[in-house]
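Here is a short report on selected helices, their packing and a few individual residues. Keep the model open while you read.

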Amino acid sequence: MEINSEKRVFGLDVLRATAITMVVCSHILWIYPKSNHFIPMLFELFGFWGVELFFVLSGFLIGSILYKTFVEQSYRFTEVKSFLKRRWFRTLPNYYLILLLNILIAFLLGYKIEGLFKYFYFAQNFLSKSPSFFPESWSLPIEEFAYLLLPFSLWGVCRFSKNNKQKLFLIVNLFWIVFFMMNKWIYNSNHTISDLIEWNLNLKSVLIYRVDAILIGVVAAWFSINYPSWWKNNKIVFAFFASMIFAFLMFGILPMNLTIEQNPFFWNVIYLPLTSIGFAFLLPFFSEWKTNTSIFKLPIEGLSKISYSIYLIHYSIVLQLVKYFFDTLQMSQLERHFVSLATVLVTIIFSYILYKVYEKPIMNLRDK
């Protein structure tokens, strides 16, 4: 989410800062030996949840922008271009810079790159799993495709009907959510997944099955705008429902025999949308948390601002180089802790520099 400082919503900054912290905590496990202890397993779950939270939050933000434009204006092709211009100024410059850096590092270290040109037009995981190069980039094609799908869909339906645009916006989103849910159902009918690693690569990270995660956030934005009192007055109730969903996802799957081996339908069709709905239920509470004056305001807002830069450089660049030059598996536990802390600090420093000297100046050009 990129909003001017005077319009920032502290609660949404908290969600964004939490999401990037979870992702980094998950990937830091690369420094440590594989373990089945509770903390490493929890951190792995954090990595999954962090990206899913980013999806829903992104949908909530673009949904709020698109809905107001769609309903309050004539919504011509000019509005579509304006939306894409703002989105692409926000996402593409950083992505292509880090992509080029990854290519350079791979060349210098002698790593082979598969399907390189697909990365330039976000097709690396459109229909099948992404290659191993720049692995964290898998989420970005899903985001970019949603940025194209929704505004063009809305523009298309406007050619045929301009009546009750409030409901039309919701209907378009629900149609696409059902479409991507059906894709997961078709996948489940035609594939047999034996473990979570295969599920992660072949379904969870593939674009054609995942755009509904963002659209669920868009639907949440629709409810927040059309039913503001209901949204605000029931924020605690929705937060409770969210906690119940996540408690079930953490502690209810094994007792109910819902493992991927025993119930692939649950994992292939239900698990991911249920996770997205859980995060959507958190939005009323956090979106109404407008301001904060504690000592945590500045670090949380700062981490939120540089979260995109952190996401792009922390794994394939910083951690990749750490693992190449240091044999962390031969280190003592104390040395690994030190390397982990140093990795996080280096990531934050370089992300801040990237944000200040490159990302933010480019974003400032959007309205010129």
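Tryptophan 222 is buried in this predicted model. Its relative accessible area is 6%, which falls under the 20% cut-off for burial. The residue sits in helix H7, residues 212-226. Leaving aside residues up to four places away in sequence, tryptophan 222 touches Tyr67, Gln166, Phe169, Leu170 and Tyr227. Cysteine 25 is 197 residues from tryptophan 222 along the chain, and the two C-alpha atoms are separated by 32 Å.

**Helix H7**

How many residues of H7 are buried? The count is 12 of 15, so the helix is largely enclosed by the rest of the structure. Among the buried ones are Asp212, Gly217, Trp222 and Ser224. The cover over the buried residues of H7 includes H2, H4, H5 (165-190), H8 (228-233) and H10. The length of H7 also fits expectation: its end C-alpha atoms are 21 Å apart, and 15 residues at 1.5 Å a residue should span 21 Å.

**Helix H2 and its contact with H4**

Helix H2 covers residues 38-72, 35 residues in total. From first C-alpha to last it reaches 50 Å, close to the expected 51 Å. H2 is mostly covered, with 25 of its 35 residues buried.

H2 packs against helix H4, residues 139-158, at an angle of about 25°. Their axes are 11 Å apart. Angles under 35 degrees count as roughly parallel, and H2 and H4 are therefore roughly parallel to each other. The crossing is right-handed. On the H2 side the contact includes Val51, Phe54, Phe55 and Ile62. On the H4 side it includes Ile142, Glu143, Tyr147 and Leu150. By class, the contact of H2 with H4 has 13 nonpolar, two polar and one charged residues.

**Helix H6 against H10**

Two packed helices are described by the angle between their axes and the distance between the axes. For H6 (residues 196-204) and H10 (residues 264-287), the angle is about 70° and the axes are 11 Å apart. That makes H6 roughly perpendicular to H10. H6 passes H10 in a right-handed crossing. Leu196, Trp199, Leu203 and Lys204 of H6 meet Trp267, Asn268, Tyr271 and Leu272 of H10. These contact residues divide into six nonpolar, one polar and one charged.

**Threonine 91**

Is threonine 91 buried or exposed? At 8% relative accessibility, threonine 91 counts as buried. Its place is in helix H3, residues 77-109. Beyond residues up to four places away in sequence, threonine 91 touches Glu144, Tyr147 and Tyr308. Tyr147 also takes part in the contact of H2 with H4, on the H4 side.

**Two loop residues with positive phi**

Most residues other than glycine have a negative phi. The table lists two residues with a positive value.

| Residue | Phi | Place | Relative accessibility |
|---|---|---|---|
| Tyrosine 75 | about 55° | loop between H2 and H3 | 0% |
| Phenylalanine 134 | near 45° | loop between H3 and H4 | 2% |

Tyrosine 75 is buried. Phenylalanine 134 counts as buried too. Neither tyrosine 75 nor phenylalanine 134 is a glycine.

Conventions. Residues are numbered from 1 along each chain as its sequence is written. This is a predicted model: local features need pLDDT of at least 70, side-chain atom pairs count only at pLDDT 80 or more; totals for chains, interfaces and linings use all residues. Side-chain values use heavy atoms; hydrogens and water are left out. Helices (H or I, at least four residues) and strands (E, at least two) are DSSP runs, numbered from the N terminus. Buried means under 20% relative accessible area, exposed over 50%, partly exposed in between (1.4 Å probe, protein chains only). Contact means heavy atoms within 4.5 Å. The expected span of a helix is 1.5 Å times one less than its number of residues. Axes are lines fitted to C-alpha atoms, for helices over the stretch in contact, and angles run from 0 to 180 degrees between N-to-C directions. Angles under 35 degrees count as roughly parallel, over 145 as roughly antiparallel, 65 to 115 as roughly perpendicular and the rest as oblique. A crossing is left-handed if the near helix is turned anticlockwise from the far one by less than a right angle, and right-handed if clockwise. Ala, Val, Leu, Ile, Met, Phe, Trp, Tyr, Cys and Pro count as nonpolar, Asp, Glu, Lys and Arg as charged, and the others, Gly among them, as polar.
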